[in-house]
Amino acid sequence: MLWAIGAGALSISPAEIFSILCHKAGWETGIPFTEQQENVLWIIRLPRVIMALLIGGTLSICGAAMQGLYRNPMADPSLIGISASGATAAVIMIVLGGKLFSGFQSVPGQYSLNLATFAGALLATVLIYRLSRIQGKTNVGIMLLAGVALNAISGAITGFVTFLANDQQLRSVTFWMMGSLGGATWINVAGILPFCALAIIGLPLMAKALNAFSLGESDAAYLGIRTERLKTTAMLLCAMGVGASVAVAGIIGFVGLVVPHIVRMAIGPEHRRLLTASALCGAALLTLADLMSRTIAPPVEIPIGIISSLCGGPFFLYLLMKEKKKNSLL
Amino acid sequence: MLQVNHISYQVQGRPLLTEVSAAIRPGALTALMGSNGAGKSTLLKLISGALQPSAGHITWQGKAMKDWDQRALARTRAVLRQQYSVQLPFSVFDIIAMGRYPHFRSKLTEQCRNVIAKVAAYTGTEQLLNRNYLTLSGGEQQRVQLARVLAQVWDTPSDQKLVLLDEPVSALDIQYQHQLLALVKGLTQAQFTVIAVLHDLNLAMQYADDVLLLKAGRTVRFAAKEEALDAPHIYETFGVKAALHQAEDYPHPFITVCPVHQQYQQW
């Protein structure tokens, strides 16, 4: 993390970082740093790294929880259209609601945007859940195909709405569709923090119930779990987490698929450990990916969505091959 | 003591069960039998509390099923189904530990670990505890599920344990069928109340104590197995002719079903 804060177009050493942070806290260490370094660290670097940590953790934990909820390992917020629906809602909000909120660079503006992505994500979550269930089981094939449809519909709506947008709106719309942490500010961080925190703290509390859910819905009920309440809460929390991260960073694909899988291979599918570990691992991974996106070709930044899809796409194909061998798909 | 009092159950006006009554004995294995669609699984779901009857009521330990708190009920009643489709690679220990979920909040207690060790020993799954559940054979998986179900009620006071089995052996080969039913039968000695939906007349004759015969949602007969499973009742329930053979020194008769002849017609 220190490395991530320090590396970039302008490099700052760990000692200097320490010194700057202490300076901010009103305590001088005597290690020299320039004012430029201080500004870059405080205004650009630090919020961005915290944002990467938050979003990486949130997306991963939501992915892991959704895989438990849908009872199959292929569920991923971006793959089944949940992120896209959230983004569409955000775009509609920016273009149609922009006048109401005179820009979204304020905490209340950020909240309203969060609310829009949350609504979009929730709608998609419920829709996919309803569509892909056959006799109490989620059908992986239908779930993925419904995701394709949802992605297409969201894309079309987004495309349509962009025609109604003016120049400035268009710029912020494209930014959302690319998936980037480039716009991170303290305002953004403050805007998503409560939602991410809810997902990251709330979902592990449901670990036992999610474990039981993997036996089957009726069996979880036989074990004394209130399944309806579990489903509602889990969907709300996931939609909230995914919605929040889409609201500030756009669609960052595959994080929720890849991270829980790697973690599951390492420590098994038991959700109490899996959820927490996924959050930590996802936070680290996204910070690393963001670091790559900043440092591969400085000063140009490669949107992080491109990097995550570049790594995640092949991984998804590999998972499909594995599922094909088990012959359990469709 | 489990009391089923005049229950009826309808779905969209179509009656699935009509006026079914039974006083299920504790410490006995009661078999629910009947042809497909007779309402066996529905009755089992009503008894489990997953469904509520349209009329009549079911009481368990003197308390109506619908008044039970879901979590409290989970500590005294467990259900085993025919087949499970687990997708995630849980270890056998994790699966059995799920049976203890109604008993602890966030961490397995010492008591829970004891129970898990005991049910694993009883079901012969100790060697499997660290295995990946998905790599087990069908018979092993069902035994692990039985262990999970038993873990749920193992340390409940002796006459307050209710185990419901919905076609527990239908997907198993002959050896596992007998193994599993023998395990279930053994429970009745510890005063478990066991109710199982069974299809095989002879398995019921060999392992059950009481038999409840259902036809089109109505009780044909509810009695001790020798009394319920005689040729007239079998004919009434299943529409097949059966013959009972009593071998010398064998505890109960053996049931054979006369072949049904169907003439092939040339159109």
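Which helices of chain A each supply at least two residues of the nonpolar patch? The exercises below work through this and related points.

The model is predicted: local features need pLDDT of at least 70, side-chain atom pairs count only at pLDDT 80 or more, and totals for chains, interfaces and linings use all residues. Residues are numbered from 1 along each chain as its sequence is written, chains are lettered from A and ligands numbered from 1 in the order in which they are written, and side-chain values use heavy atoms, with hydrogens and water left out.

**Exercise 1. Locate the nonpolar patch and the helices behind it.**

Step 1. The patch covers about 750 Å² and is made by A:I92, A:L96, A:I153, A:I157, A:F160, A:F163 and A:L164. Patch residues have over 30% relative accessible area and no salt bridge; nonpolar side chains (Val, Leu, Ile, Met, Phe, Trp, Tyr) are joined within 5 Å, like charges within 9 Å. Areas come from the Shrake-Rupley method with a 1.4 Å probe, and for residues only the protein chains shown count as cover.

Step 2. Helix 4 (82–101) and helix 6 (140–163) of chain A each supply at least two of these residues. Helices (H or I, at least four residues) and strands (E, at least two) are DSSP runs numbered from the N terminus.

Step 3. Helix 6 of chain A gives the most, with four residues. A:I153 is found in that helix and is partly exposed at a relative accessible area of 47%. The classes are buried under 20%, exposed over 50%, and partly exposed in between (1.4 Å probe, protein chains only).

Step 4. For contrast, take A:A87, also in helix 4 of chain A. A:A87 has 0% relative accessibility and counts as buried. Its C-alpha atom is separated by 9.2 Å from that of A:G155, 68 residues apart along the chain.

**Exercise 2. Classify three helix pairs by angle and handedness.**

Step 1. Axes are lines fitted to C-alpha atoms, for helices over the stretch in contact, and angles run from 0 to 180 degrees between N-to-C directions. Angles under 35 degrees count as roughly parallel, over 145 as roughly antiparallel, 65 to 115 as roughly perpendicular, and the rest as oblique. A crossing is left-handed if the near helix is turned anticlockwise from the far one by less than a right angle, and right-handed if clockwise.

Step 2. In chain A, helix 8 (residues 186–202) and helix 11 (residues 227–249) pack at about 155 degrees with axes 8 Å apart. The pair is therefore roughly antiparallel, and the crossing is left-handed.

Step 3. In chain B, helix 5 (residues 138–153) and helix 6 (residues 174–188) pack at about 15 degrees, their axes 10 Å apart. This makes the two roughly parallel; the crossing is right-handed.

Step 4. Helix 4 (residues 110–123) of chain B and helix 5 of chain B have axes that come within 9 Å and cross at roughly 140 degrees. That angle makes the pair oblique, and the crossing is right-handed.

**Exercise 3. Examine the salt bridges.**

Step 1. The criterion is a side-chain nitrogen of Lys or Arg within 4 Å of a carboxyl oxygen of Asp or Glu. By this rule there are 11 salt bridges over all chains.

Step 2. One of them joins A:R48 and A:D290 at 2.8 Å, N to O. A:R48 lies in helix 3 (residues 35–69) and A:D290 in helix 13 (residues 271–295) of chain A, so the bridge ties together parts 242 residues apart in sequence. Both A:R48 and A:D290 are buried.

Step 3. In the bridge between A:E270 and A:R273 the closest N and O atoms are 3.5 Å apart. A:E270 is buried at 6%, whereas A:R273 is partly exposed at 43%.

Step 4. A:E217, A:E228 and A:K231 are linked in a salt-bridge network.

**Exercise 4. Find non-glycine residues with positive phi in chain B.**

Step 1. Most residues other than glycine have a negative phi.

Step 2. B:E167, not a glycine, has a positive phi of about 45 degrees. B:E167 sits in the loop between strand 7 (162–166) and helix 6 of chain B and is buried at 16%.

Step 3. B:A216, also not a glycine, has a positive phi of about 50 degrees. B:A216 is in the loop between strand 9 and strand 10 (218–224) of chain B and is exposed at 60%.
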